[in-house]
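Me: Hi! Could you walk me through this protein model? I have it open on my screen.

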Amino acid sequence: MEKELVFCKGGGCTAKLGAGVLAHILDRLPRGVADENLLVGFDSRDDAAVYRITDDTAFVQTLDFFPPMVDDPYLFGQIAAANALSDVYAMGGDVKTALNIVCFPEDMDLNLLGEILRGGCEKVAEAGGVLAGGHSIVDDSVKYGLSVTGTVHPDNIYANDTGKPGDALLLTKKLGVGIICTANRIQEASDAAMQEALASMTALNKRASEISRGYAVHACTDVTGFGFLGHLHEMMGGRYSCEVYARQVPVMEEALHYADEFFLTAAGQKNRNHLQKYVQFAQVPFAMEEVLFDPQTSGGLLFALPPDQAKSLQAQLRSEGHLAEITGRITEKQETEIYVYGGW
């Protein structure tokens, strides 16, 4: 009997290793001989690697794949591809080529695989890239993603930890997709909530990245498996602190309701445990705390740039139909790294 595509215990970016475990491993890897052309490596926990090949061109290299978090194979392919492509946009780059990464059971309907790959292929084309091949292995469960190569000028790279005190923090997608997908897994999410989550996860960050290049962006990351606060922690790089205005953080409304009902992810709790010594909340409801820790799949871009530039970028993004909210600011290093104001 052929298998159906079913939910995994932790699909999408909820399936990622926790930040604490990952940091423990990466800190012990040998660095090898330094290469001056490696402009961005894993030392900064950045979104992708960047390697200079000429004075005017560097290539951006990234890879991402995970189990399904939705039961529609075509939508899963779109989401997994959009998530992988996002790392290039978070570095300020343009997508050029992509390779499929596939794990698939031998006894499962190959038409499902075809739909996954069709969804991914269409997103690569939408990104302006070329799907150039891939690699597949037999596995006991479905996993899919992309290895992506892009290009960027060496002087215009968006690193994730190069923000400056005084910078505003601007976010381009709502939070809450991990919690909504969890609620959906136990058939508690409304159709409207799932449609909102799907629309967000399948949307490319391409245009938001392109628009941002006309502004003085100091740093950028995309918000994915480590949640909003986890990626914000990486942005601080141990050198700065920041204030977050929780009421200004864009959230899918039903995610707050599901968090109050304790439809939570194990990955979200890993994020909370890893970050608890860096974060202090003031008058923030429990549900909002959970959304801020919630792992996002194909989340938005989080920019750090001067306040006047942030307001101009926000206005242009909104004029083209994109969400854009100023969610906080970077400060000089304080005793608390991330201070989240509620004011409910």
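Below we go through the fold, some helix pairs and a few single residues.

Me: What kind of model is this, and how are residues numbered?

Reply: It is a predicted model, with residues numbered from 1 along each chain as its sequence is written; local features need pLDDT of at least 70, side-chain atom pairs count only at pLDDT 80 or more, and totals for chains, interfaces and linings use all residues. Side-chain values use heavy atoms, with hydrogens and water left out.

Me: Thanks! How many helices and strands does the protein have?

Reply: The protein has 11 helices and 13 strands. Both are DSSP runs numbered from the N terminus: helices are H or I with at least four residues, strands are E with at least two.

Me: And how much of the protein counts as buried?

Reply: Of the 344 residues, 54% count as buried. Buried means under 20% relative accessible area, exposed means over 50%, and partly exposed is in between, using a 1.4 Å probe and protein chains only. As for contacts (heavy atoms within 4.5 Å), 85% of those between residues at least 6 apart in sequence join residues at least 24 apart.

Me: Now the sheet. What order do the strands come in?

Reply: An open sheet of 6 strands runs in the order S1-S2-S3-S6-S4-S5, with mixed pairing. Its edge strands are S1 (38-40) and S5 (130-138), each pairing on one side only. Two strands pair if DSSP finds at least two bridges between them. From one strand to the next, the twist averages 20 degrees.

Me: How many bridges join S3 to S6?

Reply: 9 bridges join S3 (residues 58-66) to S6 (residues 143-152), and the two strands run antiparallel. If you want a spot to click on, Leu63 stands opposite Ser147 in S6.

Me: Which helix lies across S4, S5 and S6?

Reply: That is helix H3 (residues 110-126), running at about 165 degrees to S4 (94-104). Axes are lines fitted to C-alpha atoms, for helices over the stretch in contact, and angles run from 0 to 180 degrees between N-to-C directions.

Me: Let's switch to helix packing. At what angle do H4 and H5 pack?

Reply: Helix H4 (residues 177-185) and helix H5 (residues 191-202) pack at about 135 degrees, with axes 10 Å apart. That angle makes H4 oblique to H5. Angles under 35 degrees count as roughly parallel, over 145 as roughly antiparallel, 65 to 115 as roughly perpendicular and the rest as oblique.

Me: Which residues make that contact?

Reply: From H4 there are Val177, Ile180, Cys181 and Asn184, and from H5 Ala193, Met194, Ala197, Ser200 and Met201. The residues of this H4 and H5 contact divide into 7 nonpolar, 2 polar and no charged. Here Ala, Val, Leu, Ile, Met, Phe, Trp, Tyr, Cys and Pro count as nonpolar, Asp, Glu, Lys and Arg as charged, and the others, Gly among them, as polar.

Me: What about the loop between H4 and H5, is Gln187 there buried or exposed?

Reply: Gln187 counts as exposed, because its relative accessibility is 73%. Gln187 also has a positive phi of about 60 degrees, although it is not a glycine.

Me: OK, how do H7 and H9 cross?

Reply: The axes of H7 (residues 227-236) and H9 (residues 266-275) come within 9 Å and cross at roughly 40 degrees. So H7 is oblique to H9. Gly227, Leu229, Gly230 and His233 in H7 meet Asn271, His274 and Leu275 in H9. The residues of that contact divide into 2 nonpolar, 5 polar and no charged.

Me: Leu232 is in H7 too. Buried or exposed?

Reply: Leu232 counts as buried, at 0% relative accessibility. Leaving aside neighbours within four places in sequence, Leu232 is in contact with Leu169, Cys242, Val244, Leu302 and Ile338. Leu232 and Val244 are 12 residues apart in sequence and 9.7 Å apart in space, C-alpha to C-alpha.

Me: Last one: where is Glu290, and what does it touch?

Reply: Glu290 is in helix H10 (residues 286-293), and at 4% relative accessibility Glu290 counts as buried. Not counting neighbours within four places in sequence, Glu290 is in contact with Ile179, Ala259, Leu264, Gln269 and Arg272.
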